[in-house]
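Me: Could you take a close look at one part of this model for me, the aromatic side chains and the sheets and helices around them? I'd enjoy a connected walk-through.

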Amino acid sequence: MLYKLLKYSDRDRFNHEVILLTNEGSYGKEIQRMGYEVHCLEISIKNMFSSLVKARNICKKADLINTWLYHADLIGFIVAKLLLRKKLIWNIRHSNLDKNVIKPTTLKIVKLNAFLSKYVDCITFNSYDALDNHLQMGYSNKNTKIFPNGFEVDIFKFNINAREKIRQEYGLGENKVLITVGRWNIFKDYYTLLRALSELKKHNDKFKMLMVGADLTNSNSELTALIDRLDLKDNIILLGRRIDIPELLSAADIYISSSLGESFSNAIGEAMACELPCVVTDVGDSKLIVGDTGKVVPAKDFISLSKVLIGYLENSDFSRNIAARNRIIDKYEIKKVTRMFEDNYANFFQNVT
């Protein structure tokens, strides 16, 4: 989302520079290619002091500091409020704060940030659920705003040629094609998804499930063992990390999000932009995103999920879901969301001396 925000930012109004806590990674390189200056702190316990000094020197010329995610929020607080006395916006993009699924060290930082939050000039969240959960954790509500994720609808759109090509490449034939996109992670709850597919197979085995994301590959022994145990080997295609997501979404008929926790799901919005009906768990703002264009089931409820999928597969009409795409265009198109961020920045600049 930060990459997209920079991509569509009005450069006549704003000059952005990016500080990364670690290395540049793939997105750092892409941001540099767009012409933005990117600084990498490569931060660690050993170089913490020198990293803070480096960040302070970079931020001296800034009118406003906007940090993304918990660790950066904490580092940004030290730099902006303690070392420089600058205006600071935190950006929170996580919702589920359950101690059973969040790392203990991260949870400690969340609690510390909750105490510090009353000194932050503005806190933005990407979902209503994230806002509610952080207020319960003790975060200040003095100046909070919600800016949803935005989607590039010119990139994420249905492509009939890609659909035919991919379905032929993977021998999908007349099968109904389900798809999910997301890395191998406890939050994605693929265990519930696979149990639902096992139930579905008892009623209708004419389906293929495309699983796309980091570590969703045949080398993941935990995942493949689960697939074998549930007798789903012939129904599931593990694709791992891919860059042709719009094409894969075009090849599919239904999108499934089985997550235990989301804030504002990029994957659901991208699927909707590609005209897919979405079956999602009632976590984060997923229900809000799909509206009346998809189906919502309780988290961890594989029976409810399987029943919805059975209903979809019994329906022979699999025309594209135009209403889902129109909802994304109307509410979450990237240029509209970028303006939300920039208008918020502008409000602060009016008061900068």
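**Aromatic rings, sheets and a helix pair**

Reply: Happy to! Let's start with a group of rings: Trp68, Phe147 and Phe341 make up one aromatic cluster. Please keep in mind that this is a predicted model.

The count of aromatic pairs comes to 9. One of them joins Tyr3 and Tyr27, whose ring centres are 5.4 Å apart with 55° between the planes, a tilted arrangement. Tyr3 belongs to helix H1 (residues 2-7) and Tyr27 to helix H2 (residues 25-33), so this pair ties together parts that are 24 residues apart in sequence. As for accessibility, Tyr3 is buried at 18% relative accessibility, whereas Tyr27 is exposed, with a relative accessible area of 53%.

Another pair brings together Phe14 and Tyr345. Their ring centres are 5.9 Å apart and their planes stand at 70°, so the pair counts as edge-to-face. Phe14 sits in the loop between H1 and strand E1 (17-20), while Tyr345 is part of helix H15 (residues 334-349), so parts that are 331 residues apart in sequence are tied together here. Both rings belong to buried residues: Phe14 has a relative accessible area of 6%, and Tyr345 is at 6% relative accessibility.

From the rings we can go on to a sheet, with Trp68 as the link. Strand E3 (64-68), which ends at that residue, is an edge strand, and strand E6 (144-146) is the other edge; each of the two pairs on one side only. The sheet is open and has 4 strands in the order E3-E4-E5-E6, with parallel pairing. From one strand to the next, the twist averages 20°. Inside the sheet, strand E4 (residues 87-92) and strand E5 (residues 122-125) run parallel and are joined by 4 bridges. Ile89 has Cys122 in E5 as its bridge partner. Helix H4 packs on this sheet, where H4 touches E3 and E4, and the direction of H4 makes about 175° with that of E4.

H4 has a helix partner too. Two packed helices are described by the angle between their axes and the distance between the axes. For helix H3 (residues 48-59) and helix H4 (residues 70-84), the axes come within 10 Å and cross at roughly 65°. The crossing of H3 past H4 is right-handed. On the H3 side, the contact is made by Met48, Leu52, Ala55, Arg56 and Cys59, and on the H4 side by Ile75, Ile78, Val79, Leu83 and Leu84. Sorted by character, the residues of this contact comprise 9 nonpolar, no polar and 1 charged.

Finally, let's visit another sheet. Here 6 strands form an open sheet with parallel pairing, in the order E9-E8-E7-E10-E11-E12. At its edges are strand E9 (236-240) and strand E12 (295-297), each pairing on one side only. Neighbouring strands of this sheet are turned by 20° against each other on average, direction ignored. Strand E7 (residues 176-181) and strand E10 (residues 254-257) run parallel, and 2 bridges join them. If you would like a place to put your cursor, Ile179 stands opposite Tyr255 in E10.

How values were computed: Residues numbered from 1 in each chain as written. Predicted model: local features only at pLDDT ≥ 70, side-chain atom pairs only at ≥ 80, totals over all residues. Heavy atoms only, no water. Axes fitted to C-alpha atoms, helices over the stretch in contact; angles between N-to-C directions. Left-handed = near helix turned anticlockwise from the far one by under 90°. Contact = heavy atoms within 4.5 Å. Nonpolar A, V, L, I, M, F, W, Y, C, P; charged D, E, K, R; others polar. Pairing = 2+ DSSP bridges. Phe/Tyr/Trp six-rings, centres within 6.5 Å; stacked < 30°, edge-to-face > 60°. Buried < 20%, exposed > 50% of the residue type's maximum accessible area, 1.4 Å probe, protein only.
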